[in-house]
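This report concerns helix packing, a chain interface and the two sides of a helix. Please consult the sequence and the structure shown here alongside the text.

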Amino acid sequence: MTITGPVYVLGDNIDTDQIIPAEYLNLVPTIPEEYRRLGSYALAGLPLQSGAPTFVPPGGTTTPYAILVAGKNFGCGSSREHAPIALGAAGAKAVVAESFARIFFRNCVATGELYPVETTERIVDAFRTGDEAVLDLEAATLTHRRTGTVCRLRPLGDAGPVIAAGGLFAYARQTGMIAAPPPESRVVDSGPAAGPDD
Amino acid sequence: MSAPMTMTEKILARAAGKVAVEPGDNVWVRADVLMTHDVCGPGTIGIFKREFGRQARVWDPDKVVLIPDHYIFTRDEKAHRNVDILRDFAGEQAIPHLYDVGTPRYRGVCHIALAEEGHTRPGEVLFGTDSHTCTAGAFNQFATGIGNTDAAFVLGTGKLLLKVPPTMRFVFDGEVPAYILAKDLVLHMIGDIGVDGATYRAIEFAGEAVERLTMEERMTLANMVIEAGGKNGIIACDETTRAYLRTRTRKRFEPVANDPGARFLAERRYDAGALEPTVAKPHSPDKRALARELGDVRLTRAYIGSCTGGKITDFINAARVLQGRRVAVDTFLVPATTEISRGLRSETVDGRPLLEIFQDAGCQISPDASCAACLGGPRDTFGRINGPEVCISTTNRNFPGRMGAKEGQVYLASPYTVAASAVTGRITDPREFLP
């Protein structure tokens, strides 16, 4: 699977308060309208130099950036699942970082919202926000389209198929680990993997 | 004969029904307690119903603990709706442990309420939808924060797949000087290993200095292992632990101790007597400095509260400094729980109730126990930073915007250092104020 699009570049230790500030934690991710609103606030807590582009354009609800490129310890801080959900709800597909905080990584896999992919070396200096990149999950590479620079990534291993299925529960059902949900809880087509089901 | 195990490994082996585990093993672990609150509970319940069905029952109502604490004293309508969702769920599932807002059962900050209500039992496994769930490691419990999806899985099955972490051991030898508190120990340690220094690892606190700490102070240590990326913190069970729990729970528990020869990924030793009052500068808990080096930093406010810095001992320590003095900057005090709130009236320093000392000092004291401004919260939250404030705080995080506005700057420090700094209006070493 490949993900192609512009990248949004961040530094080290981007914590969950920057990804989704606590004032928006009154929103419940399993309520579709609130799921979408969480997306509109993705990275709203990031202090920015004036003139720097925001992750979600002012007044917008989704992001033009498919891939986040970051340094060490991405997603540190709180266990709020709202964090990977906000990034996924905004339309991001993957975070490529030097390392991840444990709970954030696990929440990415459990929700299927985002691919959290680790790099083998520091790459934040090789990209600028807006650069087009190709993330190839099978080959475990991130390629800068203009410069042709290829960054090697650590394989996702068993986490990859879980995210592709749409998270822990979807994967467990798909592979027969758990039974299908009872009919009364089913809702209309929940859409693609990253969807916010009800 | 299996290899010797650490405390964390022994708890996980027991909870997995195995004779032995070792770091790196992926094991299915049985939960003894699942805690959730108003911020993550509604989403967890939403996933539970979606995945297990509208009529599904939780695996064991007696093992589920619901503690609304984050956004309680606000006009925000969604915040109230979220507490309603917890209330409805408790009713529908006959969950006995709901510490409901507006009732005598209301407690406040979940990590302290869990201890006060006897849910932090040695040798057990606690999962919570909050990263500071690790606080309960002070009680020799394996306790870790999880997301909504994992919590929904636990609600339905009582189990979770975990990777057994290796343990880093931090030994504090000697006696803690009178001007040093647990917050100084843990900020010192985080400064050494960094905010990702313990990612995927357990952190054990040990040594004579830790053995002499109260349970409240030990909770401050365990609370902040997540600030180094740790999966859980752990401290041996001793008479201090048992004495705290004696009045809090009647349930039997089985503590664990390290096996002789247990292996640690790393061991660091500190001379507790050599530590100095320590501060974490904006915007990261590992930006360590000594209080005495920061005398030039002018403050606009001070804050004492939260799961790590709003316990009764934290207020007693602050009162030792504030007794007979006036604060020079806005100083906000938020008791973590209702029990602590009552303690402000009943506990004394030099024969005077804490509340009186704080009122005379000019502090603003929240009548309500909750997480309040530790994590910002809705705009009308007590003590929230709504502009370019420079705040010194007993809380646990100082990332950009953590206490509200992104323009704010937060320095983390012990209750002694925060109180001393509130008096002078600049960051101050509390030795200037302590006998």
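Angles under 35 degrees count as roughly parallel, over 145 as roughly antiparallel, 65 to 115 as roughly perpendicular and the rest as oblique. In this predicted model, local features need pLDDT of at least 70, side-chain atom pairs count only at pLDDT 80 or more, and totals for chains, interfaces and linings use all residues. Residues are numbered from 1 along each chain as its sequence is written, while chains are lettered from A and ligands numbered from 1 in the order in which they are written.

In chain A, helices α3 (residues 82–90) and α4 (residues 102–111) pack at an angle of about 55 degrees, their axes being 8 Å apart. α3(A) and α4(A) are therefore oblique to each other. Helices here are DSSP runs (H or I, at least four residues), numbered from the N terminus.

α4(A) also takes part in the interface: 40 residues of chain A are in contact with 45 residues of chain B (C-beta atoms, placed from the backbone, within 7 Å). To the side of chain A that touches chain B, α4(A) gives the most, with six residues.

In chain B, helix α9 (residues 239–246) has residues of two kinds, tabulated below. A residue is buried if 20 or more other C-beta atoms lie within 10 Å of its own, exposed if 12 or fewer, and partly exposed in between.

| Class in α9(B) | Residues |
|---|---|
| Buried | Thr241(B), Tyr244(B), Leu245(B) |
| Exposed, on the face turned away from the buried side | Glu239(B), Arg242(B), Ala243(B), Arg246(B) |

The buried residues of α9(B) pack against α8 (215–223) of chain B.

Technical notes:
Axes fitted to C-alpha atoms, helices over the stretch in contact; angles between N-to-C directions. Contact = placed C-beta atoms within 7 Å.
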